[in-house]
Amino acid sequence: MVHKSLYQNRVNMVIGDLHYSSHVLRTLGLPGKLKTHPFHISVEDVHLLFSKKAVSKEGIETITKTIIAFRNTPAYTAILSKYARFE
């Protein structure tokens, strides 16, 4: 794994999602052994791209409404609390 390679000085840098990377570091037993750089490449929400040929405008609206509704659920909060810690 690239995160372990960083810890072992085999690579100089890892560019990755903060939440996923923090989860990987905990899984590898490396929390607190690596630090994030203070410059964040992106702090935006995830963007999804769809083909106009494959997905209708109504389909996009349904997906958007579903995501918005999900973000207000206990399940979403539970996912963030499980994976969104960087130690």
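**Note on Ser22, Lys4 and Asn9**

1. Ser22 has a relative accessibility of 3% and therefore counts as buried, the cut-off for that class being under 20%. The model is a predicted one, and the values in this note are to be read on that basis.

2. Ser22 belongs to helix H2, which covers residues 18-27. Its side chain has a polar partner: the side chain of Arg26, at 3.0 Å. The buried Ser22 thus has a side-chain polar contact with Arg26.

3. Lys4 lies in helix H1, residues 2-7. Its relative accessibility is 40%, so Lys4 is classed as partly exposed; that class lies between the 20% limit for buried and the 50% limit for exposed.

4. Which residues does Lys4 touch once its neighbours within four places in sequence are set aside? The contacts of Lys4 are then with Leu28 and Leu30. A further distance concerns Leu25: its C-alpha atom is 8.0 Å from that of Lys4, with the two residues 21 apart along the chain.

5. Asn9 sits in the loop between H1 and H2. Its relative accessibility of 68% puts Asn9 in the exposed class, because exposed means over 50%.

6. The backbone of Asn9 deserves a look in the model. Phi is near 60° there, a positive value in a residue that is not glycine.

7. To recap, Ser22 in H2 is buried, Lys4 in H1 is partly exposed, and Asn9 in the loop between the two helices is exposed.

Terms used. Residues are numbered from 1 along each chain as its sequence is written. This is a predicted model: local features need pLDDT of at least 70, side-chain atom pairs count only at pLDDT 80 or more; totals for chains, interfaces and linings use all residues. Side-chain values use heavy atoms; hydrogens and water are left out. Helices (H or I, at least four residues) and strands (E, at least two) are DSSP runs, numbered from the N terminus. Buried means under 20% relative accessible area, exposed over 50%, partly exposed in between (1.4 Å probe, protein chains only). Contact means heavy atoms within 4.5 Å. A polar contact is a pair of N or O atoms within 3.5 Å; within protein, one must be able to donate a hydrogen and the other to accept it, and residues adjacent in sequence count only if both atoms are side-chain atoms.
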